[in-house]
Amino acid sequence: QVQLVESGGGLVQAGGSLRLSCAASRSIFNIYAMGWYRQAPGKERELVAQITTGGSTNYADSVKGRFTISRDNAKNTMYLQMNSLKPEDTAVYYCNTATHIHGAIYDWGQGTQVTVSS
């Protein structure tokens, strides 16, 4: 089993920025496509950003142009740079695999809370 630990969340005003980090307990970024997910209160968990093993990226329409996913394979760490934050970005953010067939494979971590005030 792989442990995924998210960090970097916090309280920020609308228009602000945050950078989230996801540390994996072992090297998996060259094996699986990875993603950042979020879950807002009362809503389903959704995938907002994906990075493939080849480095291609995909984004949900709601974050396109504002969020950037990246990774550092040597550090087993993935990042989500979030700019121009909106109150509707408020959610708990999680990282996990984001494969086409299986989606999220590993147990979910605790996530990191992002709160955007208006």
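Here's a quick briefing on the strands, the disulfide and one buried valine in this structure. Keep in mind that the model is predicted. Two open sheets are described below, one of four strands in the order β1-β3-β8-β7 and one of six in the order β2-β10-β9-β4-β5-β6. A search of the whole structure turns up one disulfide, and it is formed by C22 and C95.

**The four-stranded sheet**

- Going across this open sheet, you meet β1, β3, β8 and β7 in that order, and the pairing is antiparallel.
- β1 (4-7) and β7 (67-72) sit at the edges with a single partner strand each, so one side of each has no neighbour in the sheet.
- Neighbouring strands here are turned by 15° against each other on average, if you ignore direction.
- Start at the β1 edge: β1 and β3 are antiparallel and share four bridges, and V5 has A23 in β3 as its bridge partner.
- Next along, β3 and β8 run antiparallel and are joined by six bridges; L18 is matched with M82 in β8.
- At the other edge, β7 is tied to β8 (residues 77-82) by six bridges, again with the strands running antiparallel.
- For a landmark in that last pairing, look for T68, whose bridge partner in β8 is Q81.
- β3 is mostly covered, with five of its seven residues buried.

**The six-stranded sheet**

- The order in this open sheet is β2-β10-β9-β4-β5-β6, and the pairing is mixed.
- β2 (10-13) and β6 (57-59) are the edge strands, and each of them pairs on one side only.
- From one strand to the next, the twist averages 25°.
- Inside the sheet, β9 and β10 make an antiparallel pair over three bridges, with Y93 standing opposite T112 in β10.

**The disulfide**

- The sulfur atoms of C22 and C95 lie 2.0 Å apart, and the two residues form a disulfide.
- This pair links distant parts of the chain: C22 belongs to strand β3 (residues 18-24), C95 belongs to strand β9 (residues 91-97), and they are 73 residues apart.
- To place the two ends, β3 is part of the four-stranded sheet, while β9 is part of the six-stranded one.
- What is the handedness of the disulfide? The torsion about the S-S bond of C22 and C95 is about 70°, so the disulfide is right-handed.
- C22 has a relative accessible area of 0%, so it counts as buried.
- C95 is buried as well, because its relative accessible area is also 0%.

**V116 and what it touches**

- V116 is found in strand β10 (residues 112-117), and β10 comes between β2 and β9 in the order of the six-stranded sheet.
- Is V116 buried or exposed? With a relative accessible area of 6%, V116 is buried, because the cut-off for that is under 20%.
- Leaving out neighbours within four places in sequence, V116 is in contact with V12, Q13, A14, L85, K86, P87, D89 and T90.
- V116 and S17 are 99 residues apart along the chain, yet their C-alpha atoms are separated by 9.6 Å.

Key:
Residues are numbered from 1 along each chain as its sequence is written. This is a predicted model: local features need pLDDT of at least 70, side-chain atom pairs count only at pLDDT 80 or more; totals for chains, interfaces and linings use all residues. Side-chain values use heavy atoms; hydrogens and water are left out. A disulfide is a pair of cysteine sulfur atoms within 2.5 Å. Buried means under 20% relative accessible area, exposed over 50%, partly exposed in between (1.4 Å probe, protein chains only). Two strands pair if DSSP finds at least two bridges between them. Axes are lines fitted to C-alpha atoms, for helices over the stretch in contact, and angles run from 0 to 180 degrees between N-to-C directions. Contact means heavy atoms within 4.5 Å.
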